[in-house]
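Me: I'd like a close look at one side chain in this model and at how its surroundings fit together. Could you walk me through it as you would for someone at the bench?

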Amino acid sequence: MYSVQLLALLVLITAGGLTWQIHARRKRSEQLRLLSESERMNYSRQDRFGFAARVARHFPVPGVADVRVSDLLYRSNDREQRYVFTVDYTRGVLGAKRRLRSVAIMTESSELGASAVVQLAEHKGTAVEQYRVLLGQRE
């Protein structure tokens, strides 16, 4: 009897954690969608354009692997393309490897031969706060 109760408790804890994670993800997505509208940008929850490969080529940290992009805000005009996104990556070549997550901004100029620049957020806070700082908004 005791093992059945323990199993039921573990299932309830797991279900509660999953529910909390889904709620937090939806709330963050909604906040980013509203932020993108206020900045006249587009929002994509997933990397629909295969953008991670371009980010990896211009990433400011050497030795990164398995770069993944999500929560992408983007805008294009005649002079440049601007992207603000969450990037997950593995850092470390020899020895210990660590999985890290950060908010970053990438700007690509429309000029021929111009290079893209990726900048990681230095602000410590929630992801939405980091997006605001990179977009030039203040709390």
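What is the relative accessibility of glutamate 30, and does it count as buried, exposed or partly exposed?

Reply: Happy to. Glutamate 30 has 35% relative accessibility and counts as partly exposed. Here buried means under 20% relative accessible area, exposed means over 50%, and partly exposed is in between, with a 1.4 Å probe and only protein chains considered.

Two notes on reading this. The model is predicted, so local features need pLDDT of at least 70 and side-chain atom pairs count only at pLDDT 80 or more, while totals for chains, interfaces and linings use all residues. Residues are numbered from 1 along each chain as its sequence is written, and side-chain values use heavy atoms, with hydrogens and water left out.

Now to the partner. The side chain of glutamate 30 meets that of arginine 33 in a salt bridge, at 2.4 Å from N to O; the term stands for a side-chain nitrogen of Lys or Arg within 4 Å of a carboxyl oxygen of Asp or Glu. Both residues lie in helix H1, three residues apart, about one turn of the helix. Helices (H or I, at least four residues) and strands (E, at least two) are DSSP runs numbered from the N terminus. Arginine 33 is partly exposed too, with a relative accessible area of 30%.

The whole structure holds eight salt bridges. Another one that involves H1 joins aspartate 71 to arginine 25, with the closest N and O atoms 2.8 Å apart. This pair links distant parts of the chain, with aspartate 71 in strand S2 and arginine 25 in helix H1, 46 residues apart. The two ends sit in contrasting settings: aspartate 71 is buried at 0% relative accessibility, whereas arginine 25 is partly exposed at 24%.

A further bridge brings together the side chains of arginine 54 and glutamate 108, at 2.6 Å from N to O. Here helix H2 supplies arginine 54 and strand S4 supplies glutamate 108, and 54 residues separate them. Arginine 54 is partly exposed, with a relative accessible area of 26%, while glutamate 108 is buried at 15%. Salt bridges that share partners also join Arg25, Arg28 and Asp71 into one network.

H1 also carries a nonpolar stretch of surface. Tyr2, Leu6, Leu9, Leu10 and Ile13 form a patch with about 540 Å² of accessible area together. Such patches are made of residues with over 30% relative accessible area and no salt bridge, nonpolar side chains (Val, Leu, Ile, Met, Phe, Trp, Tyr) being joined within 5 Å and like charges within 9 Å; the areas come from the Shrake-Rupley method with a 1.4 Å probe, and for residues only the protein chains shown count as cover. Tyrosine 2, which lies in H1, is exposed at 65% relative accessibility.

Just past the helix, arginine 40 is found in the loop between H1 (2-38) and strand S1 (42-46). Arginine 40 has a positive phi of about 55 degrees although it is not a glycine, and it is exposed, with a relative accessible area of 73%.

Finally, the interior. The largest nonpolar core has 18 residues, of which Phe51, Val55, Phe59, Phe85, Val87 and Met106 touch the most other members. A core is a set of buried Ala, Val, Leu, Ile, Met, Phe, Trp, Tyr and Cys residues joined through side-chain atoms within 4.5 Å. Two or more residues come from each of H2 (51-57), S2 (64-76), S3 (80-91), S4 (98-109) and S5 (117-120), and S3 gives the largest share, four residues. Apart from this core lies another, of 12 residues, including Met41, Val103, Ala121 and Leu134.

Phenylalanine 51 is in contact (heavy atoms within 4.5 Å) with Val69, Leu72, Tyr83, Phe85 and Met106, leaving aside neighbours within four places in sequence.

S4 and S5 pair in the antiparallel sense over four bridges, where pairing needs at least two bridges found by DSSP. Alanine 104 has leucine 120 in S5 as its bridge partner. Along S5 the side chains alternate: Val118 and Leu120 point to one face and are buried, while Val117 and Gln119 point to the other and are not.
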